[in-house]
Amino acid sequence: MNQSHKIAIKVAIIYIIIGVLWIIITDSFSMTQAKEDVQTYAMFQHSKGWMFIFITGIFLYIIIRYWTGKMLSSQQEFNLKDEQYQSLFKHNPDCVLELNLEGNVVSINPEAEKLLGHQSDNLKGKNANHLINWNESEKVSVFFTQSLQGEAVKFETTIQNMSDEKRIIRVTFLPIIVQTEMLGVYAIVRDITELRREEELMIMSEKLSVIGHLAAAVAHEIRNPLTSLKGFVQLMDMTKEVNPIHSDIMLKEIDRINIISSELLVLGKKQDVALCKIDLGDCLQQVYTLMKAETNLNNIEMGYQVKKAEPVYIMADSIELKQMVINIVKNSIEAVSDNGKIGISLDAIDDYAVISVSDNGIGMVPERLKRIGEPFYSTKERGTGIGLAICQKIIHRLDGEMHFESEKNKGTTVTIRIPLATML
Ligand SMILES: Nc1ncnc2c1ncn2[C@@H]1O[C@H](COP(=O)(O)OP(=O)(O)OP(=O)(O)O)[C@@H](O)[C@H]1O
Ligand SMILES: [Mg+2]
C-alpha cells in the first residue's frame, strides 16, 4: 500500500469518527435544549450543520497538511538518497555491475562500460558469466552463489575485453538486500592489470638491487686481502727481502680472492660451508700477522695475547672465521689515528671461546651503537656498511654472539663468544 493511499484511508476514518461523535454530542445537547430553551434549540439546529462543515474542514486541513508534509519530506529525502546512489554508481572509479538473482546484468556504470567495451544496453539481460574467461566461470559461479547467501565475497579473476586483451580483475560480490529480501548482487570490479605489472617490475628491481648488494659484499671482501697484499708488497719493496712466512700468507690471500670471485659467479646461491674443528689460536695468529703489516705502516701498535695455555678449538670454517676477525680489526684500524693501540686476545671461559678486539679509537655514541650490524649502515665516506653485517651472519651460524662496548673518543671493545668444539 503506497503512502497516499494510506493517508486517504486515515482521512476517511477520521472523517467518519468526527461525524459520528458530532451526531452523538449534538443530538444529546439538542435534547436537553429542546426541554429547557426552545429558542436556543432552534438556533442550534439551524447552525449545527455549518459548524460541522467548518470544524471538520479546519481539522482535516491540519492533519492532511501534516501528513502530506511528512510524506513529501520523506520523498525528498528518498530522491536525495537516490541521487547520491546514482552519483556513487556513475562516478565510481571502480566498475559496478548490478546483477539479478540469476546473475544477469541489470545495469552497469560508465567505468564498467569502458573496461568491458560494451554499452550498458548491449549487456542488459546477459549473464555476467559470459564476460569472464570460460575456464574461470565455474569458480565465479561458486562465489556468486556464496554471495546470494548474504556474504560479501572477494576474489581475483581474468576477463577478455573487446580488444581481446586479457585483463586481471579484483571482484567484490556484494548482496543487494532490501527489507530482508535478496534482490541480487552488486559486482564491484577493479582492473588490477597495471598494478600487477608494477608489482612484477618492483620484484624484478628488488632482485636486481639484491644482486647489487651482493656484488658490493663480494667486492668488500676482496678489498680486505688486497689491502694486506699491498702491505706485504710495500714491505718487500722497502726491505728488498722476501720473507717466506709473508709469501705463504700472500698465497693464501690470493686463494681467498679466488674463492670470493667464484662466489660472485654463484651470486646468492651460498654453498654450504663445511664446519671443521679449528685451532682458534692459530687462526688468530694468522690474522694478526696479516694485519700487522698494515698497522705497522699506519704507526698503530697492535698486540695479540692468548690467555689460555691449552689450544682453544671451535667448530668453524677457517676462511669465514678469519674474514670475520679481519673485518673487526679493520674497523679498529679505521677508528684509531696515528699512534693508536689495538689489542687482540683469546680466552676460553666456561664452554665458550672468547675473542676480544679492543681499540682506543673514536668510539661510538649510544645511538650509533644501537645500529651496529644493520646492513649498509656506515659512517665512513667509503664504507659499505657490510663488514659487521657479514660478521653477525657468520657468528650466528656458529651459534655464537657478538657484543660491543664503546665510548665516544675513548675506544671500542668487541667481544665474540663462540661455543667450544665438543667433537674430538
Ligand atoms: N671499532 C669501531 N670504532 C668506532 N666505530 C666503529 C667500530 N666498528 C664499527 N664502527 C661503526 O660501525 C659502522 C659499521 O661498520 P661496518 O664494518 O659494518 O661498516 P664500515 O666499516 O662502515 O664499512 P666496510 O666495513 O664495509 O668498509 C662503521 O661505519 C662505524 O661507524
Ligand atoms: Mg668495516
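Of the 424 residues of the protein chain, 36% count as buried. The model is a predicted one. Its protein chain contains 11 helices and 12 strands. The radius of gyration is 46 Å, whereas a compact globule of 424 residues would have a value near 22 Å. Along the principal axes, the C-alpha atoms fill a box of roughly 155 × 60 × 45 Å. Among contacts in the protein chain with a separation of 6 or more, 61% are accounted for by residues 24 or more positions apart. The accessible surface comes to about 26,600 Å², and carbon and sulfur atoms hold 58% of this area. The chain carries 44 positive and 53 negative charges, and the mean positions of the two sets are 3 Å apart.

At the N-terminal end of the numbering, Gln33 is found in helix H1, which covers residues 3-36. Gln33 has a relative accessible area of 13% and therefore counts as buried, the cut-off being under 20%. When residues up to four places away in sequence are not counted, Gln33 touches Val38, Thr40 and Tyr41.

Backbone geometry was examined next. Most residues other than glycine have a negative phi. Lys240 is not a glycine, yet its phi is positive, at about 55°. This residue lies in the loop between helix H6 (193-239) and helix H7 (244-265). Lys240 counts as exposed because its relative accessibility is 66%, against a cut-off of over 50%. A positive phi is also found at Asp399, just after helix H11, with a value of about 60°. Asn409 likewise takes a positive value, near 65°, and is a residue other than glycine.

Helix H11 spans residues 387-397. Its buried residues are Gly387, Leu388, Ala389, Ile390, Cys391, Ile394 and Ile395. One of these, Ile395, is touched by Ile416, a residue of strand S12.

Strand S11 comprises residues 401-407 and has two faces that differ in cover. Met402, Phe404 and Ser406 make up the covered face, while Glu401, His403, Glu405 and Glu407 make up the uncovered one. S11 runs antiparallel to strand S12 (residues 411-419), and seven bridges join the two. Within this pairing, Ser406 of the covered face has Thr412 in S12 as its bridge partner. The two strands form a hairpin with three residues between them. The turn includes Asn409 with its positive phi, placed in the loop between S11 and S12. Asn409 has a relative accessibility of 60% and so counts as exposed.

Further along the hairpin, Ile416 lies in S12. Its relative accessible area is 1%, and Ile416 is therefore buried. The C-alpha atoms of Ile416 and Gly400 are separated by 7.2 Å, although these residues are 16 apart along the chain. With residues up to four places away in sequence left out, Ile416 touches Met324, Ile328, Ala353, Val354, Ile355, Ile395, Glu401 and Met402. Of these partners, Glu401 belongs to the uncovered face of S11 and Met402 to the covered face.

Definitions and conventions
Residues are numbered from 1 along each chain as its sequence is written. Chains are lettered from A and ligands numbered from 1 in the order in which they are written. This is a predicted model: local features need pLDDT of at least 70, side-chain atom pairs count only at pLDDT 80 or more; totals for chains, interfaces and linings use all residues. Side-chain values use heavy atoms; hydrogens and water are left out. Buried means under 20% relative accessible area, exposed over 50%, partly exposed in between (1.4 Å probe, protein chains only). Helices (H or I, at least four residues) and strands (E, at least two) are DSSP runs, numbered from the N terminus. Two strands pair if DSSP finds at least two bridges between them. The radius of gyration is taken over C-alpha atoms; the globule rule is 2.2 Å times the number of residues to the power 0.38. Contact means heavy atoms within 4.5 Å. Accessible areas come from the Shrake-Rupley method with a 1.4 Å probe; for residues, only the protein chains shown count as cover. Lys and Arg count as positive and Asp and Glu as negative; His and the chain ends are not counted. The place of a charge is taken as NZ of Lys, CZ of Arg, CG of Asp or CD of Glu.
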